[in-house]
Amino acid sequence: MIKVLLFFLTSLFLFFSLPLLADTDNKPADNRINLHLTEIERAAFLSEMRQMLTSIQGIISGIAEEDIEKIIKSARYSGNRMARATPASIKEKTPQAFKEIGGPTHMMFEEMVVRAETDDMQTLTELTGQIMQQCLSCHAIFKANK
Ligand code: HEC
């Protein structure tokens, strides 16, 4: 009887500890492509990224307040000016697939600058959603480690 009980308890323990054992091995794999930036390049790169988030924040607030100037000013920061200001060494390291998402993203901020003059707030919200889709697409594929 004791043996049966022990067998039962051991089985129970093993059964419930399996997921725990598996868990240590089971970290979600990070399959994103590494851009291999140096410390300095990475700092400049991430600073641009935070600026893009600031632009998105300004655009959304601008839309909510129907403040066209605010939308334009916020969008302009992350448009062509940012694309031109990216250090050459970073541009050289980024693969074609990166450029194919990044280039159009800056252009879409420029499109926001132009359309803010004419479009209604609903349409500008849609454009903001489309711009943010670009952020998501790139973040899913790349990382900026050394
Ligand atoms: C063409 C590629 C690309 C696009 C487009 C892109 N990002 Fe990024 N972003 C990255 C990469 C790569 C990282 C670094 C991620 C990592 O190393 O884990 C990053 C990091 C960030 C960070 C973290 C900054 C920090 O200090 O750690 C923010 C915030 C960010 N992005 C915002 C945005 C926003 C907002 C957009 C869209 C308007 C955007 N990004 C579009 C590639 C991109």
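The expected span of a helix is 1.5 Å times one less than its number of residues. That rule opens the exercises below, which all use one predicted model.

**Exercise 1. Check the length of α6, then find its buried face.**

Step 1. Count and span. Helix α6 has 20 residues and reaches 28 Å from its first C-alpha to its last. The expected value at 1.5 Å a residue is 28 Å, and the span of α6 is close to it.

Step 2. List the buried residues. In α6 they are T105, H106, M108, F109 and M112.

Step 3. Look down the axis. The buried residues of α6 fall within an arc of 150 degrees, so they line one face of the helix.

Step 4. Turn to the face pointing away from the buried side. There α6 carries the exposed residues Q96, K99, E100, G103, P104 and V114.

Step 5. Name the packing partners. The buried residues of α6 pack against α2, α3, α4 (80-85) and α7.

**Exercise 2. Repeat the analysis for α7.**

Step 1. Helix α7 covers residues 121-141, which is 21 residues. From first C-alpha to last, α7 reaches 31 Å, close to the expected 30 Å.

Step 2. L124, T128 and I131 are the buried residues here. They cover an arc of only 65 degrees around the axis, which puts them on the same side of α7.

Step 3. The other side of α7 holds exposed residues: Q122, T123, E126, G129, L136 and A140.

Step 4. The cover over the buried residues of α7 includes α2 (39-65), α3 (68-77) and α6 (96-115).

**Exercise 3. Which face of α3 is buried, and what covers it?**

Step 1. I71, S74 and A75 are the buried residues of α3.

Step 2. Seen down the axis of α3, these residues fall within an arc of 95 degrees, so they line one face of the helix.

Step 3. Among the elements covering the buried residues of α3 are α2, α6 and α7.

Step 4. Take A75 as a probe. Leaving out residues up to four places away in sequence, A75 touches S55, I59, F109, M112, V113 and A116.

**Exercise 4. Assemble the largest nonpolar core.**

Step 1. Start from the general tendency. In soluble globular proteins, nonpolar side chains tend to be buried together.

Step 2. List the members. The largest nonpolar core has ten residues: I59, I63, I71, A75, M108, F109, M112, A116, L124 and I131.

Step 3. Assign them to elements. Those giving two or more residues to this core are α2, α3, α6 and α7. The most comes from α6, with three residues.

Step 4. Put the core in context. Of the 146 residues of the protein chain, 14% count as buried.

**Exercise 5. Describe the surroundings of the ligand.**

Step 1. There are 19 residues around the ligand, and M49, G102, C135, C138 and K143 come nearest.

Step 2. Group the shell by element. The elements α2, α6, α7 and β2 (142-143) give two or more residues to it. The largest share, six residues, comes from α2.

Step 3. Sort the shell by class. Twelve residues are nonpolar, five are polar and two are charged.

**Exercise 6. Inspect two residues with positive phi.**

Step 1. Recall the background. Most residues other than glycine have a negative phi.

Step 2. Take H36, in the loop between β1 (33-34) and α2. Phi of H36 is near 50 degrees, a positive value in a residue other than glycine. With 12 other C-beta atoms within 10 Å, H36 is exposed. The cut-off matters at this step: exposed means 12 or fewer.

Step 3. Take E66, in the loop between α2 and α3. Phi of E66 is also positive, near 50 degrees. E66 counts as exposed because it has 11 C-beta neighbours inside 10 Å.

**Exercise 7. Trace the fold and its long-range contacts.**

Step 1. Count the elements. The protein chain has seven helices and two strands. Along the sequence they follow the pattern α-β-α-α-α-α-α-α-β.

Step 2. Weigh the contacts. Consider those between residues at least 6 apart in sequence: 75% join residues at least 24 apart.

Step 3. Pick one pair. E39 and K146 are 107 residues apart along the chain, yet their C-alpha atoms are separated by 6.9 Å.

Step 4. Place E39. This residue is found in helix α2. E39 is exposed, with 7 other C-beta atoms within 10 Å.

Conventions
Residues are numbered from 1 along each chain as its sequence is written. This is a predicted model: local features need pLDDT of at least 70, side-chain atom pairs count only at pLDDT 80 or more; totals for chains, interfaces and linings use all residues. Helices (H or I, at least four residues) and strands (E, at least two) are DSSP runs, numbered from the N terminus. A residue is buried if 20 or more other C-beta atoms lie within 10 Å of its own, exposed if 12 or fewer, and partly exposed in between; C-beta atoms are placed from the backbone. Two residues are in contact if their C-beta atoms, placed from the backbone, lie within 7 Å. The arc is that of the directions from the helix axis to the C-beta atoms. A residue is near a molecule or strand if its C-beta atom, placed from the backbone, lies within 6 Å of it. Ala, Val, Leu, Ile, Met, Phe, Trp, Tyr, Cys and Pro count as nonpolar, Asp, Glu, Lys and Arg as charged, and the others, Gly among them, as polar. A nonpolar core is a set of buried Ala, Val, Leu, Ile, Met, Phe, Trp, Tyr and Cys residues joined through C-beta atoms within 7 Å.
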